[in-house]
Amino acid sequence: MSALRVLVIDDEEDIRHMLTMLLRKEGYEVDSAEDGETALEILSDRDFDLALCDVRMPGLDGMQVLGRLEQRGDDTTVIAMSAFGDRELAIDALRRGAYDYIDKPFNKDEILLTLLKAQERLELKRENEELKQKSEADDFPEIIGQSDAIEDLLETIRKVAEYKSTVLITGESGTGKELVARALHRRSPRGDAPWVAVNCGAIPESLLESELFGHVKGAFTDAGADKAGLFEEADGGTLFLDEIGEMPMNLQVKLLRALQEGEIRRIGENTPREVDVRVLAASNQDLDEMVDAGEFREDLYYRLNVIQLHLPPLRERIDDLPLLVDHFIESRSEDLDAGVDGISSEAIDRMTQYRWPGNVRELQNCVERGVVLADGDTIDLEALPERIRDNDDPLDAIFHGDDLSIKKMSKALERVLIRRALEKTDGNRTHASDLLEISHRTLLYKMEDYGLEDVGKGD
Ligand SMILES: Nc1ncnc2c1ncn2[C@@H]1O[C@H](COP(=O)(O)OP(=O)(O)OP(=O)(O)O)[C@@H](O)[C@H]1O
Ligand SMILES: [Mg+2]
C-alpha cells in the first residue's frame, strides 16, 4: 500500500507543525490547513485517506467541517482532536461521523496508534470494495462487453433476475437475446431448476399447442399416449419462448391464460394443472408494430412486456467489438486447435467500419473464418470476408463516419444501388433501370459518371 495521505486541520501553527513532522517521520504524506474553509477546499481538490481535525477553530469549526463533508458525500476518515475535558464535543464529533478522537495535549504513541487503527479499517474497506467489484464484474462472464449499453443491461438483469416477472427480450437477430435469457435464468433463484427453450417459429402451428401444453391419449389422431408439455417440463424453472412474434393468434389466447392463471390444460383434458413457471420471451420483430397491425394480441403484449430488455445492435456499441473479437479468437482458436492469438489493427479497423447486420453472430462467424484462414498466428485483412475487407457501403459511412454531407452520401448510395442492380441483372441495363426505377437513359448517364460501365459483364 502506498503512503497514506493525511490532512492536518488546526488553527494553531505549533500543533500543525508538530503533527506534520511526526507523521512525515512515520512515512505518511502530510498536508495541513489552518481553518475549516481551507480544509474543505483542499479536500475537494485532492483525495486524502485521513484527516486530523481540531474541533474548536475560529470560522468553520470541526463540527461544521464534518457536516459539510457528509453533505457532499466525502468519505475521508476524520479523527477529531479536542482539548482534554471536552468529552462532550468529542462525542458529538463521533455522532457526526468522525471515526475516532484524540485528546490534546497529545501523547505521540496515542496518535500513532489511532492512525494505525484507522488505517486498518481503511484497508478492510478497500478490500471489501475490491471484492464486491470483482464479483460484480465476474458474475456474467459469458456476456462480453463494457459499453454503457451492456453495463446497463447487466445492471437490469441483476435487478430483475430474482423476481418471477415476465421479461421480454428484444433486439435484432444475433444480438444475444438467448444468451441474455440464459444468463437471467442462471442468475435467478431458479438457476438450478429446469431451463426449457422453445422456438415458436420453428414448430408447425398444429404441433405447437401440444408442445407447450401437452395432451392426453386420444386427444387427436397421433396422440398415442399422455404427454406433458413444455410448461410442465419447466415447472419450478424458466420457459424461454423464442420468436414469440411467430406464435399463432389462437395460441396467444391460451398463453395469456396460462400466464394469468398460472395453470395450463393439456389438450383433451378438462381439469387445469397448476404450474410455477417463469416465462422469458424474445423477439426480433417489432411487437409494438405487430399489435398495431392486428398481428399480435395487445393484452398478451402487455402481459409479456412487464420488463423489457433491449439488446442494441452491434453497430451501436462498436466499442465492444475488439473485446468480442479477442474473446472469439481465444475460444475458436482453442476449439479448433489453430494457434491463432491475435488480429492486425487494419483488420480491426475495417471491422469497426462495417455495419454488422447479423450482429454478434455474424462477428463470431467472421472470426472463426479468420482463425481458419489466418496465415500464421494473426488474423489479417486477407482473412476477412470480401464484404468487410472491400466494404464501400455508404450506409456504413453514415453509421460510423463523421461526414454528414447529404449530397455526398446520396451519390455514394446511388453508386452502390446501381452497381448492385447491374450485378443482379448481369449487366442488363433495361432490367437494371426497371429495378432502380429510373429511365434507361439516366442509367447510362450515371453509369458513365460513376465509372460502372463494365459491371455485370463478367471479366
Ligand atoms: N455480448 C456477448 N458476448 C459474447 N457472446 C455473445 C454476446 N452476444 C451474443 N453472443 C454470441 O452470439 C451468438 C448469437 O447470440 P444469440 O443466439 O443469443 O442471439 P439472438 O439474439 O438470440 O439471435 P436470433 O434473433 O437470431 O435468435 C451466440 O453464439 C452468442 O453466444
Ligand atoms: Mg435467438
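The following exchange asks how several terms apply to this predicted model.

User: On what basis are the values for this model given?

Analyst: This is a predicted model in which local features need pLDDT of at least 70, side-chain atom pairs count only at pLDDT 80 or more, and totals for chains, interfaces and linings use all residues. Residues are numbered from 1 along each chain as its sequence is written, chains are lettered from A and ligands numbered from 1 in the order written, and side-chain values use heavy atoms, with hydrogens and water left out.

User: Which element has the highest mean pLDDT?

Analyst: pLDDT is the predictor's confidence in each residue, from 0 to 100; E10 has the highest mean among the elements, 98, and helix H17 (residues 394-400) the lowest, 66.

User: What makes E10 largely enclosed?

Analyst: Buried means under 20% relative accessible area, exposed over 50% and partly exposed in between (1.4 Å probe, protein chains only); 5 of the 5 residues of E10 are buried, so this strand is largely enclosed by the rest of the structure. Thr238, Phe240 and Asp242 point one way from E10, and Leu239 and Leu241 the other way.

User: How do you know that E7 and E10 pair?

Analyst: Two strands pair if DSSP finds at least two bridges between them; E7 and E10 have 5 bridges, in the parallel sense, and tryptophan 195 stands opposite threonine 238 in E10. E10 also pairs with E13 in the parallel sense, over 4 bridges, with phenylalanine 240 opposite leucine 280 in E13.

User: What is leucine 212 in contact with, beyond its neighbours within four places in sequence?

Analyst: Contact means heavy atoms within 4.5 Å, and the partners of leucine 212 include Val198, Phe231, Leu241 and Leu251.

Note on methods: Helix = DSSP H or I, 4+ residues; strand = E, 2+ residues; numbered from the N terminus.
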